[in-house]
Amino acid sequence: MHVAQYSDANFNQYNQLLNTMKATKPASNKIARFFKILGPGLVTGASDDDPSGIATYSQAGAAYGFSTLWTALITFPLMASIQEMCARIGLVTSHGLAGTIKANYSKPILYLMLLFSFPAIVMNIGADIAGMGAVGNLLFPSIHATFFCIGFTVLLLVSIIYLPYRKIASVLKYLCLVLLVYLIVPFLSKQDWVAVLKATFIPTIKFDKDFISILVAILGTTISPYLFFWQANMEVEDKKQKHLMVNKRVIDEMKKDVDFGMLFSNVVMFFLILTTGSVLFNGGIHQIDTVEQAAEALKPLAGNFAYLLFAIGVIGTGLLAIPVLSGSLSYIFTETFGWSQGLDKKFHQAKAFYIIIAISLILGLAINYLGLSPIKALIYSAILYGLTAPILIVIILHISNNKKIMGKHTNGKISNILGFAALALMSVAAVVLVYMQLTEK
């Protein structure tokens, strides 16, 4: 009798435990599944916050405090809409953006993209390498910045050539975690959160040349053409590796990945402006030209820990962004000329693809020793990005709405509204950018 009662009690406890586990398991499974689907979108978004981007956001915060925080609310939906279209194009066509343009448009358009993209991306790579080298020198003053620049270039080149796609994708995905340091830095100093919220939701616009320049720079940094090409090609690579059949579930998972990646990118941008706006602007430092200046300026005002985190973040984002920059350039070239390409291939299977990556890295490194300063490189690349972005957005919108190319996976109404809004904004930014350069004394 007592044995039976004891067994029943234990049986009831077991059932209760089992029910509790069943209740909690779906929630944990959902979280695990969500993080599992993150990939190309997350990497693309995170790579947008490269050292040159950090310099732009730092200057925005240093010069105008919290006045540009609201831009993160504008750039996120526009950036997400364009990147989602590029990702969908890659999934549906099984070709990158350059390959799809080549198959459906006249070749001069593609050659024009190539003409503008090559110098812009190489100069961007050069500015990023210079930023990483300078920050490396700040952390270890006994080692000259040149050695860091060369060391990072060699490390990236060897990694890209010898690591298989799965490993590269995994490394890039985990490198995204480096950006989390910028979410910590603002909390290491006192913040006026009421002022932060006000600046975030009530836009401030100053009609002077310098402020408009910063707004244009932020737009050009967040909505960059090289990201369009990378996103589409990474979806193709992912599709091959996972043997995906394009259906509603795959499209929905891709959208979640892209939305999260672009949200992450814009949150990091927001916190970078917040950090420099609260520390540097309030500390009387209003001019920041390079990332090492931003890191150095933080040290006496925010403390060694904030300075260290900021500096480490610059190097980590460079290691993440430069493979994306060089890879996107190589995809544009190889798809344009029909050469074998892909990070899933070994060097002997796609020699041209890897040689172009190597050339872009070496040229980027060389720019820093040919008399062209990183700041000028960034200005020139911003102009070239600004000129090509509106043209590319028009083509992306046209492809995304073309049923002959996209079948049943054409744009919805919201995608088109956001896409045309991005087109209008980037067109205005391009005109303003060119005007400012022509009228600059």
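Q: How many residues apart are Glu 253 and Arg 249 in helix α13?
A: Let's start with this pair in what is a predicted model. Glu 253 and Arg 249 sit about one helical turn from each other because their spacing along helix α13 is four residues.

Q: What is the distance between the closest N and O atoms of Glu 253 and Arg 249?
A: A salt bridge needs a side-chain nitrogen of Lys or Arg within 4 Å of a carboxyl oxygen of Asp or Glu. Glu 253 and Arg 249 do form a salt bridge, and the gap between their closest N and O atoms is 3.1 Å.

Q: Is Glu 253 buried or exposed?
A: Buried residues have under 20% relative accessible area, while exposed ones have over 50%. Its partner Arg 249 has 44%, so Arg 249 is partly exposed. Glu 253 has a relative accessible area of 18%, so the word for Glu 253 is buried.

Q: Which residue meets Asp 252 in a salt bridge?
A: Asp 252 lies in helix α13, and its partner in the same helix is four residues away, about one turn. Asp 252 is partly exposed at 29% relative accessibility, whereas the partner is exposed at 62%. The N to O distance in this salt bridge is 2.9 Å, and the partner of Asp 252 is Lys 248.

Q: Which residue has a side-chain oxygen that reaches toward the backbone nitrogen of Arg 249?
A: Look at the start of α13, where you will find the backbone nitrogen of Arg 249. The side-chain oxygen comes to within 3.1 Å of that nitrogen, and it belongs to Asn 247.

Q: How many of the 34 residues of α13 are buried?
A: Helix α13 reaches 47 Å from its first C-alpha to its last, close to the 50 Å expected at 1.5 Å a residue. This helix is mostly covered, and its number of buried residues is 24.

Q: Which residue's side chain makes a polar contact with the side chain of Ser 265?
A: Ser 265 belongs to helix α13, and it is buried because its relative accessibility is 1%. Leaving out residues up to four places away in sequence, Ser 265 touches Gly 45, Asp 48, Asp 49 and Met 79. The polar contact spans 3.5 Å, and the partner of Ser 265 is Asp 49.

Q: How far apart in space are Val 267 and Leu 73, C-alpha to C-alpha?
A: Val 267 is another residue of helix α13, and its relative accessible area of 28% makes it partly exposed. Val 267 and Leu 73 are 194 residues apart in sequence, yet from C-alpha to C-alpha the distance in space is 9.3 Å.

Q: Which elements give two or more residues to the nonpolar patch?
A: The nonpolar surface patch covers about 560 Å² and is made by Leu 73, Ile 74, Leu 197, Phe 201, Ile 202 and Leu 425. The elements that each supply two or more of these residues are α4 and α10.

Q: What is the relative accessible area of Leu 197?
A: Leu 197 is part of helix α10. To be called exposed, a residue needs a relative accessible area over 50%. Leu 197 passes that cut-off and is exposed because its value is 52%.

Q: How many of the 23 residues of α4 are buried?
A: Helix α4 runs through residues 71–93 and reaches 33 Å from its first C-alpha to its last. The residue that follows α4 is Ser 94, whose phi is positive, near 60°. Helix α4 is largely enclosed by the rest of the structure, because its count of buried residues is 18.

Q: Which residue forms a salt bridge with Glu 84?
A: Glu 84 and its partner both lie in helix α4, four residues apart. Glu 84 is buried at 5% relative accessibility, and the partner is buried at 4%. Their closest N and O atoms are 2.8 Å apart, and the partner of Glu 84 is Arg 88.

Q: Which residue has its backbone oxygen 2.7 Å from a polar atom of the side chain of Thr 44?
A: Thr 44 lies in helix α2, and it counts as buried because its relative accessibility is 0%. Among the residues that Thr 44 touches are Gln 83 and Met 262. The backbone oxygen beside the Thr 44 side chain belongs to Pro 40.

How values were computed:
Residues are numbered from 1 along each chain as its sequence is written. This is a predicted model: local features need pLDDT of at least 70, side-chain atom pairs count only at pLDDT 80 or more; totals for chains, interfaces and linings use all residues. Side-chain values use heavy atoms; hydrogens and water are left out. The expected span of a helix is 1.5 Å times one less than its number of residues. Buried means under 20% relative accessible area, exposed over 50%, partly exposed in between (1.4 Å probe, protein chains only). Patches are made of residues with over 30% relative accessible area and no salt bridge: like charges are joined within 9 Å, nonpolar side chains (Val, Leu, Ile, Met, Phe, Trp, Tyr) within 5 Å. Accessible areas come from the Shrake-Rupley method with a 1.4 Å probe; for residues, only the protein chains shown count as cover. A polar contact is a pair of N or O atoms within 3.5 Å; within protein, one must be able to donate a hydrogen and the other to accept it, and residues adjacent in sequence count only if both atoms are side-chain atoms. Contact means heavy atoms within 4.5 Å.
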